[in-house]
Amino acid sequence: MPALVLLGAQWGDEGKGKATDLLGGSVDYVVRYQGGNNAGHTVVVGDQKYALHLLPSGILSPGCTPVIGNGVVVDPSVLFSELNGLNERGVDTSKLLISGNAHIITPYNVTVDKVTERFLGKRKIGTTGRGIGPTYADKINRVGIRVQDLYDESILTQKVEAALDAKNQILTKLYNRRAIAVDQVVEELLGYADKLQPYVADTVLVLNQALEQDKVVLFEGGQGTLLDIDHGTYPFVTSSNPTAGGACTGAGVGPTKISRVIGILKAYTTRVGSGPFPTELFDEDGEALRRIGGERGVTTGRDRRCGWFDAVIARYATRVNGLTDFFLTKLDVLTGWEQIPVCVAYEIDGKRVEELPYSQSDFHHAKPVYEMLPGWSEDISKAKSFSDLPKNAQAYVKALEEMSGAPISAIGVGPGRDETIEINSFL
Ligand code: GDP
Ligand code: IMO
Ligand code: MG
């Protein structure tokens with residue numbers, strides 16, 4: 001009963017889409033368990049490039065059933081535009097399953113996300129503006145709208161009324177916005193009901209039965225460990241649990257079923273939006289990482305903040321996720337540096353600290369302590385095995401592995417499916 005979790009070990013955009021797609025051909029189900037269309041997962045297959053936001057990356061593998069679990073928040077307009085886009089490119093999306101318990105991102109959730117950010121001014125989180133936080137807030141406040149609510153008009157109307165009751169007061173009195181009409185929202189949501197129906201399923205039952213039948217299930221995280229609402233750099237986080245435990249709650253599968261947890265780890269670090277980032281670079285090295293790594297957001301088109309590899313964060317990701325493996329991505333981007341700094345610890349108020357500080361204020365003051373590792377200049381994009389890598393690249397990988405606390409079982413040397421060195425098999 002092999003159930004694998006594949007998740008981001010840093011602040012997102014580590015290459016989860018590519019890693020999921022690589023395994024997609026050998027697994028029966030790929031499941032998104034949290035987040036929504038704040039994610040942007042790039043998959044490159046031959047000369048085709050796909051940007052997936054809400055749909056699991058397994059949708060590009062014909063034998064694989066893609067599943068949107070109960071923990072995901074679904075914007076129906078985005079769902080259908082993504083499905084249409086794939087259908088136009090010849091991708092069969094008919095196997096998709098969506099949990100009836102998944103919450104819906106309503107138009108008012110998107111509005112609230114945008115106005116809240118605007119009013120926060122320079123204290124803003126830098127969200128993707130997709131309505132993610134307000135939709136999860138409604139879920140926790142027990143005024144959320146679920147996919148299954150679309151099939152009972154009277155319940156739906158009552159729920160939208162309840163959700164808008166307080167929100168309209170806030171929108172009009174605090175934010176000077178127009179009130180949102182219940183009827184209009186209900187009509188828009190009902191408009192999706194018939195189109196959604198064929199996909200709606202009891203995904204918890206489907207996935208547990210699949211595991212009983214020894215099918216392979218891969219859980220694909222969105223975002224990353226440091227963006228986790230509980231374990232990330234709060235409040236500069238997303239509003240869900242991308243960490244491994246989120247796969248259990250967000251898909252309804254018990255922890256005893258999960259056999260492997262793979263952390264996707266970029267060979268350097270990036271972050272989008274606000275919040276602390278100890279190894280961030282503001283010089284030409286940062287600019288070079290951005291340029292060579294193509295570090296521009298898939299969802300919002302924002303430039304990603306770039307910095308050196310941070311082993312403190314990698315160790316933390318190993319701990320909070322119980323990682324069994326790392327998939328190290330974008331090693332090729334580091335080709336050409338004479339020396340590569342790696343952050344091995346922090347200095348906080350004059351003291352050396354080896355592990356992620358517990359206090360937010362301390363983390364905001366953390367200065368990276370760097371160790372310099374020798375670089376390499378040879379093109380590594382054609383490397384097929386570990387021994388094809390130049391000695392210094394091998395040493396860089398080994399050093400990261402030692403510092404990070406879990407074996408590096410695969411290495412990405414380019415964006416394509418085949419541009420991967422597999423060291424230990426994941427299945
Ligand atoms: P995700 O959100 O974790 O799926 O990652 P993104 O798709 O947002 O960003 C990762 C970017 O790096 C994408 O453009 C990928 O095509 C690309 N990528 C993934 N792995 C590698 C790699 O090993 N080398 C290079 N050069 N690019 C990669
Ligand atoms: P993938 O899956 C990188 C960031 C946003 C913001 C914070 C909260 O492609 O790795 P939200 O809209 O979720 O409320 O924004 O989280 N963020 C991401 N950063 N990759 C992502 O997804 C992200 N999804 C959200 O930039 O700082
Ligand atoms: Mg991304």
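**Exercise 1. The hairpin**

How many residues lie between E16 and E17 in their hairpin, and which turn residue has a positive phi?

*Solution.* The model is predicted. Start with the pairing: E16 and strand E17 (residues 351-353) run antiparallel, joined by three bridges. Then fix the register: Tyr346 faces Val353 of E17. Now read the turn. Two residues separate the strands of this hairpin. Asp349, in the turn, has a positive phi of about 50°.

**Exercise 2. The other partners of E16**

Find the strands that pair with E16 in the parallel sense and over eight antiparallel bridges, and state how E16 is enclosed.

*Solution.* Step one: strand E14 (residues 309-310) pairs with E16 in the parallel sense, over two bridges. Phe309 has Val342 in E16 as its bridge partner. Step two: strand E18 (residues 367-374) pairs with E16 in the antiparallel sense, over eight bridges. Here Pro341 stands opposite Met372 of E18. Step three: count burial, where buried means under 20% relative accessible area. Eight of the ten residues of E16 (residues 339-348) are buried, so the strand is largely enclosed by the rest of the structure.

**Exercise 3. Strand E11**

Which strands pair with E11 in the parallel sense over six bridges and over five?

*Solution.* Take E1: it pairs with E11 in the parallel sense over six bridges. Ala3 has Ile258 in E11 as its bridge partner. Take strand E15 (residues 325-329) next: it runs parallel to E11, with five bridges. Gly263 stands opposite Phe326 in E15. Finish with burial. Eight of the nine residues of E11 (residues 258-266) are buried, so this strand is largely enclosed by the rest of the structure.

**Exercise 4. The magnesium ion**

Name the protein donors of the magnesium ion (ligand 3), and say why the pair ties together separate parts of the sequence.

*Solution.* List the donors: Asp13 (OD) and Gly40 (O), at 2.0 to 2.1 Å from the ion. Place them next. Asp13 sits in the loop between strand E1 (3-8) and H1, and Gly40 in the loop between strand E2 (29-32) and E3, so the pair links parts 27 residues apart in sequence. Check accessibility last. Asp13 is partly exposed, at 21% relative accessibility. Gly40 is buried, with a relative accessible area of 13%.

**Exercise 5. The largest pocket**

Give the volume of the largest pocket and describe its lining.

*Solution.* The volume is about 970 Å³. The lining holds 49 residues; Thr127, Gly133, Val237, Thr238 and Ser239 lie nearest the centre. By class, the lining has 22 nonpolar, 18 polar and nine charged residues. Helices H3 (107-120), H4 (132-140) and H5 (153-174) each supply at least two lining residues.

**Exercise 6. The second largest pocket**

Between which domains does the second largest pocket lie, and why?

*Solution.* Begin with its volume: about 590 Å³. It is lined by 28 residues, with Thr42, Gly293, Arg304, Lys330 and Pro415 nearest its centre. Helix H1 (16-24), strand E3 (41-45), strand E4 (48-52) and helix H9 (284-293) each give two or more lining residues. E3 gives the most, with four. Sort the lining by class: seven nonpolar, ten polar and eleven charged. Now assign domains. Domain 1 (3-98 + 200-262) and domain 3 (264-422) both give residues to the lining, so the second largest pocket lies between them.

Conventions. Residues are numbered from 1 along each chain as its sequence is written. Chains are lettered from A and ligands numbered from 1 in the order in which they are written. This is a predicted model: local features need pLDDT of at least 70, side-chain atom pairs count only at pLDDT 80 or more; totals for chains, interfaces and linings use all residues. Side-chain values use heavy atoms; hydrogens and water are left out. On a 1 Å grid over the protein atoms alone, a cavity is a set of points where a 1.4 Å probe fits but cannot get out, and a pocket is an open set with protein on both sides within 12 Å along at least five of seven lines; lining residues have an atom within 4 Å of a point. Grid points are joined across faces, edges and corners, and a volume is the space filled by probe spheres set on the points. Ala, Val, Leu, Ile, Met, Phe, Trp, Tyr, Cys and Pro count as nonpolar, Asp, Glu, Lys and Arg as charged, and the others, Gly among them, as polar. Domain bounds come from an automatic or database domain assignment. Buried means under 20% relative accessible area, exposed over 50%, partly exposed in between (1.4 Å probe, protein chains only). Two strands pair if DSSP finds at least two bridges between them.
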